[in-house]
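I opened this model to go through it residue by residue. My notes follow in the order I looked things up.

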Amino acid sequence: MVAVGGDGTVNEVASGIIGIGGVELAVIPRGTGVDFARMYGIPGKLDAAIEVAVRGATREIDAGRVGYRAWSGEAAEGWFVNAAGVGMSGAVAKRTNESSKALGGKISYLWSTLAVFARWRNTEVRVSVDDEIREGRMHEVVVANGRYLGGGMMLTPEAEPDDGLFDVLLIGDITKADLVRTLPKIYRGTHLPHPKAELLRGRTVSVDADVPLPIQLDGEQPGTTPVRFEVVPKALRLRVPGRPAAGAGGRAT
């Protein structure tokens, strides 16, 4: 199955084929964020991306099963394969998706981040990561399978998409000055350790707040907290750059 588009398109296609035996996903990056393709080195040039789709190796990666509250108020379920967020990233995703993307993914996300942050108010959040529990005033909770989100921000630089664990970044009560100082480091993945951030790893993550917070799944914005994330190991087979295993008869394994 070939997904032609950005992270939202990848999310929709992956959500439809997870758990179907024998189906592999290939990606032709043509979208705003393309953070999923960036994670695996899938080239942006059309011919090169098609070559990976046809003759690339196959990598089994984890996925996140998500239970949340839809905008209608009803309980809903979904998936993500790259990164999810609770807090400001949900509002950023909504603004980016509703605005012009003529300047490209990185500029669009950066502009939306700065615009939303100017009026964002951090709030009291309750988070559980397996047996670890954290409560306090937070800016964002990132639940990541990959390393990039928001058009190239490397918020979880050590995330491995096939280790059976989420990388969970708790961003505390940061100020506007904190963001301005730290943003260049985020794009390089050198922002950690940080005095107002904590990185945890786990298989299940729950997030709730007194005021419902927007969530985002691979850049899509389907609802709010309360939300629960559960890792599903090796749920998706993905075509990536590389050679098929020997003896595969031309088909990646």
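I began with Ile171. Buried or exposed? I got 14% relative accessibility for Ile171, and the cut-off for buried is under 20%, so Ile171 counts as buried. This is a predicted model, so I read every value here as computed from a prediction. Ile171 sits in strand S9. I then listed what Ile171 touches, setting aside residues up to four places away in sequence. The list is Met138, His139, Glu140 and Lys196. I also checked Ile171 against Pro195, which is 24 residues apart from it along the chain. Their C-alpha atoms are separated by 9.6 Å.

Next I looked at the cores. Which residues have the most contacts inside the largest nonpolar core? I found Val127, Val141, Val168, Val205, Val207 and Phe229, in a core of 44 residues. Strand S9, residues 166-171, gives the most to this core, with 5 residues. I noted a second core lying apart from it, of 25 residues. Ala3, Ile17, Ala57 and Leu238 are among its members.

I went back to Val168 for its contacts. With residues up to four places away left out, Val168 touches Val129, Val141, Val142, Val143, Glu198, Leu199, Leu200 and Val205.

Then I turned to the loop between H1 and S2, where Leu25 is found. Leu25 has a relative accessible area of 0%, so I logged it as buried. What does Leu25 touch, not counting residues up to four places away in sequence? I listed Met1, Ala3, Val10, Val13, Ala14, Ile17, Leu236, Arg237, Leu238 and Arg239. I also took the C-alpha distance from Leu25 to Val2. The two are 23 residues apart in sequence and 5.9 Å apart in space.

Glu24 came next, in the loop between helix H1 (7-17) and strand S2 (26-29). Glu24 comes out at 9% relative accessibility, so this residue counts as buried. Which side chains does the Glu24 side chain make polar contacts with? I found one such contact with the side chain of Thr58, at 3.1 Å. I found another with the side chain of Arg237, at 2.9 Å.

I moved on to Asn82, placed in the loop between strand S4 (75-80) and strand S5 (83-87). At 4% relative accessibility, Asn82 counts as buried. Leaving aside neighbours within four places in sequence, I found Asn82 in contact with Asp35, Phe36, Ala144, Asn145, Gly146, Tyr148 and Asp218.

I checked the surface too. Which residues form a nonpolar patch there? I noted Leu46, Ile50 and Val54, with about 240 Å² of accessible area together. Val54 lies in helix H3, residues 46-55. At 47% relative accessibility, Val54 counts as partly exposed.

Last, I logged the totals. I counted 6 helices and 13 strands in the protein. Of its 253 residues, 53% count as buried. The protein exposes about 11,600 Å², and carbon and sulfur atoms supply 53% of that area. I also looked at contacts with a separation of 6 or more. Residues 24 or more positions apart account for 70% of them.

Terms used:
Residues are numbered from 1 along each chain as its sequence is written. This is a predicted model: local features need pLDDT of at least 70, side-chain atom pairs count only at pLDDT 80 or more; totals for chains, interfaces and linings use all residues. Side-chain values use heavy atoms; hydrogens and water are left out. A nonpolar core is a set of buried Ala, Val, Leu, Ile, Met, Phe, Trp, Tyr and Cys residues joined through side-chain atoms within 4.5 Å. Buried means under 20% relative accessible area, exposed over 50%, partly exposed in between (1.4 Å probe, protein chains only). Helices (H or I, at least four residues) and strands (E, at least two) are DSSP runs, numbered from the N terminus. Contact means heavy atoms within 4.5 Å. A polar contact is a pair of N or O atoms within 3.5 Å; within protein, one must be able to donate a hydrogen and the other to accept it, and residues adjacent in sequence count only if both atoms are side-chain atoms. Patches are made of residues with over 30% relative accessible area and no salt bridge: like charges are joined within 9 Å, nonpolar side chains (Val, Leu, Ile, Met, Phe, Trp, Tyr) within 5 Å. Accessible areas come from the Shrake-Rupley method with a 1.4 Å probe; for residues, only the protein chains shown count as cover. A salt bridge is a side-chain nitrogen of Lys or Arg within 4 Å of a carboxyl oxygen of Asp or Glu.
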